[in-house]
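Please look over the sequence and the model before reading on. The paragraphs that follow move from one part of the structure to the next and are best read with both in view.

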Amino acid sequence: MAVRGGLLKDGVGESEASHDGVGSEIDQATNSLGDGFVGEGLAVFAFHLGGAFGVHVEAHGLGDAYGVGDLYQGICLFNLNRIEQSIEHLKLAEKHYQGENDQYLLETYQELAFALSRINRLQEALEYVDKTESLECDHAEMEVLRGHLYLEHECIDKAQERFQNAVRLSGSSHHILLRIAISLYDNDYIQLAYKMLHSLLDANGEGESNGYSYLAACAHELGYHDEYLEYLRLAVEKNPLEAQSVLGVLYPEGMSPSEYYNYEVRGENNIQK
């Protein structure tokens with residue numbers, strides 16, 4: 001949950017210094033959105049669970065025991081592109097969690113926003129994001145989510161405004177900037193996402209574990225093969241789960257992320273022979 005100099009002026013101390021080199025890229029990214037192109041948006045913040053989890057929920061009665069059945073069935077149906085059925089289950093989950101469990105209610109609202117946006121019901125999707133205002137949550141993240149939904153529907157100015165609000169609300173949080181960069185990637189603004197991720201990860205140094213898989217994916221799509229190999233190596237080393245989620249589609253089914261780099265290198269060697 002999945003992007004700008006002047007926007008970063010609220011950062012302080014070490015955080016402010018670390019983002020000095022990022023500022024111009026941030027501004028360029030948000031100010032250049034109108035020059036890019038939009039593809040099919042993905043649910044940027046949700047690492048959705050697969051159908052097997054839905055089977056697990058039913059088989060073990062977890063829906064009755066914990067009240068999560070409709071929520072996770074909704075997520076699984078979304079993954080199967082059965083959007084209308086997904087919405088039905090998510091709305092049942094919403095009724096169940098009202099006044100009962102804010103954390104599950106927050107997740108339900110987000111999933112409903114993604115699902116409704118997918119079938120071009122943007123206004124309804126945004127209304128569900130608005131419902132999170134009464135919950136204890138990261139409201140800067142919710143601004144990023146609004147921006148992401150607008151970007152899916154090519155509302156460039158509104159997306160930019162929401163992204164900038166998120167940066168201000170978070171005090172130029174690295175986490176929020178990374179979320180915005182991932183939203184750019186998911187909406188096919190690959191060149192802008194690449195520039196922003198490059199600046200963010202360079203600025204944050206060796207301590208960062210998130211985002212390298214997305215930078216690798218950008219490099220792959222842009223044809224920067226040497227960079228792809230380097231960021232792939234870092235991605236599988238620092239965050240194998242993210243690498244599997246983002247880059248797994250490029251490799252044989254069932255392959256461990258720890259094997260991705262050697263698989264690429266072996267392929268290169270075979271070509272050279």
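Which residues does asparagine 239 touch, not counting residues up to four places away in sequence? This is a predicted model, and in it the residues that asparagine 239 touches beyond those sequence neighbours are Ser209, Asn210, Ser213 and Leu234. Asparagine 239 sits in the loop that runs between H14 and helix H15, the latter covering 240-247. Although its place is in a loop, asparagine 239 is buried, because its relative accessible area is 15% and the limit for calling a residue buried is under 20%.

Helix H14, which spans residues 225-238, also holds both arginine 233 and glutamate 230, and these two are three residues apart, about one turn of the helix. Their side chains meet in a salt bridge, with a distance of 2.6 Å from N to O. Both partners are partly exposed, arginine 233 having a relative accessibility of 30% and glutamate 230 one of 34%.

The other salt bridges can be read in the same way. The count for the model comes to ten salt bridges, and one of them pairs glutamate 124 with arginine 121, whose closest N and O atoms are 2.8 Å apart. Here too the partners are partly exposed, since glutamate 124 has a relative accessible area of 30% and arginine 121 has a relative accessibility of 25%.

A further salt bridge, with an N to O distance of 3.1 Å, brings together the side chains of aspartate 130 and arginine 146. Aspartate 130 belongs to helix H8 (residues 122-130) and arginine 146 to helix H9 (residues 139-152), so this pair ties together parts that are 16 residues apart in sequence. The partners fall into separate classes of exposure: aspartate 130 is partly exposed, with a relative accessible area of 35%, whereas arginine 146 is buried, with a relative accessible area of 6%.

What lies at the centre of the contacts in the largest nonpolar core? That core has 73 residues, and those with the most contacts inside it are Leu149 and Leu247. When residues up to four places away in sequence are set aside, leucine 149 touches Ala113, Phe114, Ser117, Leu122, Ala125, Leu126 and Val129.

Alanine 113, one of the residues that leucine 149 touches, is found in helix H7, which covers residues 102-118. With a relative accessible area of 0%, alanine 113 is buried. Leaving aside neighbours within four places in sequence, the contacts of alanine 113 are with Ala125, Tyr128, Val129 and Leu149. For one of these partners a distance can be added, as alanine 113 and alanine 125 are twelve residues apart in sequence and 4.0 Å apart in space, taken from C-alpha to C-alpha.

Two loop residues deserve a look for their backbone angles. Serine 172 has a positive phi of about 65° although it is not a glycine, and its place is the loop between helix H10 (156-169) and helix H11 (174-186). This serine 172 is buried, with a relative accessible area of 1%. Aspartate 188, likewise not a glycine, has a positive phi of about 70°, and it lies in the loop between H11 and helix H12 (190-204). In contrast to a buried residue, aspartate 188 is partly exposed, with a relative accessible area of 24%.

It remains to ask where in the protein confidence is lowest and where it is highest. The lowest confidence is in helix H1 (residues 13-18), with a mean pLDDT of 33, and the highest is in H8, at 98. Averaged over the protein, the pLDDT is 80, and 73% of the residues score at least 70. Over residues 34-62 the pLDDT is below 50, and beyond near neighbours in sequence this stretch has 66 contacts in the model. The pLDDT also stays under 50 over residues 1-26, a stretch for which the model has 71 contacts beyond four places in sequence.

Notes: Residues are numbered from 1 along each chain as its sequence is written. Side-chain values use heavy atoms; hydrogens and water are left out. A salt bridge is a side-chain nitrogen of Lys or Arg within 4 Å of a carboxyl oxygen of Asp or Glu. Buried means under 20% relative accessible area, exposed over 50%, partly exposed in between (1.4 Å probe, protein chains only). Helices (H or I, at least four residues) and strands (E, at least two) are DSSP runs, numbered from the N terminus. A nonpolar core is a set of buried Ala, Val, Leu, Ile, Met, Phe, Trp, Tyr and Cys residues joined through side-chain atoms within 4.5 Å. Contact means heavy atoms within 4.5 Å. pLDDT is the predictor's confidence in each residue, from 0 to 100.
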